[in-house]
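Student: I should like to learn how to read the structural features of a model, one at a time. Where shall we begin?

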Amino acid sequence: MQIVQGVKGVIVGATAGEGHLMSWDEHIMLIRHTVDRFGASLKVIGNTGSNSTAEAMEATEKGFAVGMHASLHINPYYGKTSTRGLLAHFNSVLPMGPMIIYNVPARTGQDIPPSVIQTLATSPNFVGIKECIGNDRVRQYAEEGITVWCGMDDQCHDGRWDFGAMGSMSVASNLIPGLMLELVTGKKSPSLNEKVLRLVEWLFHEPNPIGVNTALAQLGVVRPVFRLPYVPLPLSKRLEFVGLVKDIGRKHFVGNGEVQVLDDDDFILVGKH
């Protein structure tokens with residue numbers, strides 16, 4: 001569905017894909033499956049980053065061995081390190097192949113400073129950065145000739161057209177790939193952005209990926225199974241989503257069936273697996 005609507009690449013096992021809840025065996029298997037099935041039609045980026053350098057190195061080596069086109073790396077979270085430590089961490093995996101850095105301080109508790117990105121950008125394996133700290137940082141990188149994607153759905157329209165972002169690495173694109181593509185590759189469209197922002201606000205009512213996984217289940221695209229600690233959005237928000245789909249247009253969403261509300265009992269919550 002993503003390919004048909006023009007998406008250029010997918011990130012496998014990132015936050016929206018519950019990568020942190022998968023074992024590394026599951027993770028690498030899913031990257032391999034995606035490459036085998038769809039790698040000829042779009043870029044497959046494997047989220048092989050970790051707060052452990054040793055794990056990141058092993059996962060990245062295996063990811064490239066099974067054919068991923070590039071790796072996505074977050075900075076070490078919770079157990080934060082120094083600026084020199086960040087460079088040592090990223091440089092441990094950078095020689096293995098094309099790499100995209102993911103900066104999301106709201107989740108990691110630490111900003112990756114521009115000095116780190118500027119140093120890494122001298123390597124031919126550095127592809128660019130998914131930036132979530134704001135469009136001022138996006139503009140700085142764009143002006144420096146560093147490829148930058150906006151990582152915040154509520155900022156991607158302005159980030160693309162006013163601040164120089166290459167495009168977007170998007171959560172909402174899991175649901176409305178064609179509209180998100182139009183938002184960042186068509187032309188500046190405040191009216192389309194306003195339409196999309198209503199969905200984005202709904203998606204992030206709770207931490208990602210709670211909203212997107214609830215929505216995909218309601219659309220019949222995935223089974224209504226949540227790995228704990230994630231649980232689906234409450235009934236009131238599921239009812240609200242049905243209205244959003246109607247207002248935006250069912251044709252813009254992935255899946256073919258009618259959007260469902262789903263009862264609480266329809267969801268399966270999995271602890272140990």
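Tutor: We begin with burial, a term that the rest of our discussion needs. A residue is called buried when its relative accessible area is under 20%, exposed when that value is over 50%, and partly exposed in between. Please keep in mind that this is a predicted model.

Student: Is lysine 237 buried or exposed?

Tutor: Lysine 237 has a relative accessible area of 12%, which means that it is buried. This lysine also takes part in a salt bridge with glutamate 240, where the closest N and O atoms are 2.8 Å apart. Glutamate 240 is partly exposed, at 37% relative accessibility.

Student: How are glutamate 240 and lysine 237 placed in helix α11?

Tutor: The general idea concerns helical periodicity. An α-helix has 3.6 residues a turn, so residues three or four places apart point the same way. In this case, glutamate 240 and lysine 237 are three residues apart in α11, so about one helical turn separates them.

Student: Which residues of α11 are buried?

Tutor: They are Lys237, Arg238, Phe241, Leu244, Val245 and Ile248. Around the axis these residues cover an arc of only 110°, so they lie on the same side of α11. Their cover includes α8 (177-185), α9 (190-203) and α10 (210-218).

Student: What span should α11 have, and how far apart are its end C-alpha atoms?

Tutor: Helix α11 comprises the 14 residues 235-248, which at 1.5 Å a residue should span 20 Å. The end C-alpha atoms are 20 Å apart, in agreement with that expectation. Just after the helix, glycine 249 takes a positive phi of about 115°.

Student: Which residues of α2 are buried, to apply the reasoning a second time?

Tutor: In α2, the buried residues are Ala56, Ala59, Thr60, Gly63 and Phe64. Viewed down the helix axis, they fall within an arc of 130°, so they line one face of α2. Ala54, Glu61 and Ala65 are exposed on the other side. Among the elements that cover the buried residues are α1 (24-38), β3 (70-74) and α3 (83-91). The span also agrees: the 13 residues 53-65 should cover 18 Å, and the end C-alpha atoms of α2 are 18 Å apart. Glycine 67 follows this helix with a positive phi, near 105°.

Student: How should backbone angles be read at residues other than glycine?

Tutor: Most residues other than glycine have a negative phi, and most peptide bonds are trans. Glutamate 18, however, has a positive phi of about 55°. This glutamate lies in the loop between β1 and α1 and is buried, at 10% relative accessibility. Tyrosine 78 likewise has a positive phi, of about 65°. Tyrosine 78 sits in the loop between β3 and α3 and is exposed, with a relative accessible area of 80%.

Student: Which residues does a cis peptide bond join?

Tutor: One such bond joins asparagine 208 and proline 209, with omega about 15°. Proline 209 belongs to the loop between α9 and α10. Another joins leucine 228 and proline 229, with omega about 20°, and proline 229 is in the loop between β8 (225-227) and α11.

Student: Which residues does threonine 15 touch, leaving aside those up to four places away in sequence?

Tutor: Threonine 15 touches His20, Tyr102, Arg107, Asn208 and Pro209. Asparagine 208 and proline 209 are thus the residues of a cis peptide bond discussed above. Threonine 15 is buried, with a relative accessible area of 14%.

Student: How many salt bridges does a search of the whole structure find?

Tutor: The search finds 10. In one of them, arginine 238 pairs with aspartate 264, the closest N and O atoms being 2.7 Å apart. Arginine 238 is in α11 and aspartate 264 in the loop between α11 and β9 (268-270), so the pair ties together parts that are 26 residues apart in sequence. Arginine 238 is buried, at 1% relative accessibility, whereas aspartate 264 is exposed, at 55%. Elsewhere, salt bridges with shared partners join Asp111, Glu131 and Arg137 into one network. Within that network, the side chains of glutamate 131 and arginine 137 meet at 3.9 Å, N to O.

Methods
Residues are numbered from 1 along each chain as its sequence is written. This is a predicted model: local features need pLDDT of at least 70, side-chain atom pairs count only at pLDDT 80 or more; totals for chains, interfaces and linings use all residues. Side-chain values use heavy atoms; hydrogens and water are left out. Helices (H or I, at least four residues) and strands (E, at least two) are DSSP runs, numbered from the N terminus. The expected span of a helix is 1.5 Å times one less than its number of residues. Buried means under 20% relative accessible area, exposed over 50%, partly exposed in between (1.4 Å probe, protein chains only). The arc is that of the directions from the helix axis to the C-beta atoms. Contact means heavy atoms within 4.5 Å. A salt bridge is a side-chain nitrogen of Lys or Arg within 4 Å of a carboxyl oxygen of Asp or Glu.
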